[in-house]
Amino acid sequence: MSQQEEDLILRMYRLVGDREKNVFLQNTRWEIIAGRVPGRKAVEIERYWIMRNNTHFLPPSSKF
């Protein structure tokens with residue numbers, strides 16, 4: 001992910017939040033965010049977010 005994509009994903013996540021799939025919205029938060037990041041699919045955005053924000057995947061030196 002480029003720095004621009006990371007910034008956009010973070011801003012969109014703050015805007016969309018922890019929204020789950022809703023019958024009225026027809027989109028998950030990842031689909032909504034991916035719609036704003038050209039060339040990226042919802043699954044790519046979700047995997048990026050999980051890897052970036054889950055302490056399980058951080059290197060040992062960066063854990064608290």
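**Aromatic pairs, salt bridges and core of a three-helix chain**

Trp-30 is buried, and Trp-49 is buried as well. These two residues are a convenient place to enter the structure, which is a predicted model. The chain contains 3 helices and 0 strands, and its pattern along the sequence reads α-α-α. Confidence should be kept in view throughout: the mean pLDDT of the chain is 80, with 69% of the residues at 70 or more. Among the elements, helix 1 has the highest mean pLDDT, at 91, and helix 3 the lowest, at 89.

The aromatic side chains come next. There are 3 aromatic pairs by the rule used here. In one of them, the ring centres of Tyr-13 and Trp-49 are 4.1 Å apart and the ring planes meet at 20°, so this pair is classed as stacked; the cut-off for stacking is an angle under 30 degrees. Tyr-13 belongs to helix 1 (residues 3-16) and Trp-49 to helix 3 (residues 42-53), so the pair ties together parts of the chain that are 36 residues apart in sequence. Tyr-13 has a relative accessibility of 16% and therefore counts as buried. Trp-49 also comes out as buried, at 16% relative accessibility.

Trp-49 has a further aromatic partner in Trp-30: this pair is tilted, with 6.2 Å from centre to centre and 50° between the planes. Trp-30 is part of helix 2 (residues 29-34) while Trp-49 is in helix 3, so here the parts tied together are 19 residues apart in sequence. Taken as a group, Tyr-13, Trp-30 and Trp-49 are linked by ring pairs into a cluster.

The cluster can be placed in a wider nonpolar setting. The largest nonpolar core has 11 residues, and Tyr-13, Trp-30 and Trp-49 are among them. The core also includes Ile-9, Met-12 and Val-16, together with Ile-33, Ala-34, Val-37, Ile-45 and Tyr-48. Each of helix 1, helix 2 and helix 3 supplies at least two residues of this core, and helix 1 gives the most, with 4 residues.

Ile-45 shows how one core residue is surrounded. Apart from residues up to four places away in sequence, Ile-45 touches Met-1, Ile-9, Trp-30, Ile-33, Ala-34, Val-37 and Arg-40. Several of these contacts, including those with Ile-9, Trp-30 and Val-37, are with residues that are listed in the core.

Arg-40, one of the residues that Ile-45 touches, leads on to the charged side chains. Side chains of opposite charge can pair when their charged atoms come close. The chain has 3 salt bridges by the rule used here. Arg-40 forms one with Glu-5, where the closest N and O atoms are 3.0 Å apart. This pair connects distant parts of the chain, since Arg-40 sits in the loop between helix 2 and helix 3 and Glu-5 in helix 1, 35 residues apart.

Are the two partners buried or exposed? Arg-40 has a relative accessible area of 26% and is partly exposed. Glu-5, at 16%, counts as buried because the cut-off for buried is under 20% relative accessible area. With neighbours within four places in sequence left aside, Glu-5 is in contact with Val-37, Pro-38 and Arg-40. Of these, Val-37 is also a residue of the nonpolar core.

Arg-40 has another acidic partner: Glu-44 forms a salt bridge with Arg-40, with 3.7 Å between the closest N and O atoms. Glu-44 is partly exposed, at a relative accessible area of 30%. Through shared partners, salt bridges join Glu-5, Arg-40 and Glu-44 into one network.

A salt bridge is also found between Arg-52 and Glu-6, whose closest N and O atoms are 3.8 Å apart. Arg-52 is in helix 3 and Glu-6 in helix 1, so this pair ties together parts that are 46 residues apart in sequence.

Some totals for the chain complete the description. Among contacts between residues at least 6 apart in sequence, 37% join residues at least 24 apart. Of the 64 residues, 23% count as buried. The chain exposes about 5,100 Å², of which carbon and sulfur atoms supply 53%.

Notes. Residues numbered from 1 in each chain as written. Heavy atoms only, no water. Phe/Tyr/Trp six-rings, centres within 6.5 Å; stacked < 30°, edge-to-face > 60°. Buried < 20%, exposed > 50% of the residue type's maximum accessible area, 1.4 Å probe, protein only. Salt bridge = Lys/Arg side-chain N within 4 Å of Asp/Glu carboxyl O. Contact = heavy atoms within 4.5 Å. Areas by Shrake-Rupley, 256 points an atom, 1.4 Å probe, with all protein chains shown as cover. Core = buried A, V, L, I, M, F, W, Y, C linked by side-chain atoms within 4.5 Å. pLDDT = per-residue confidence, 0-100.
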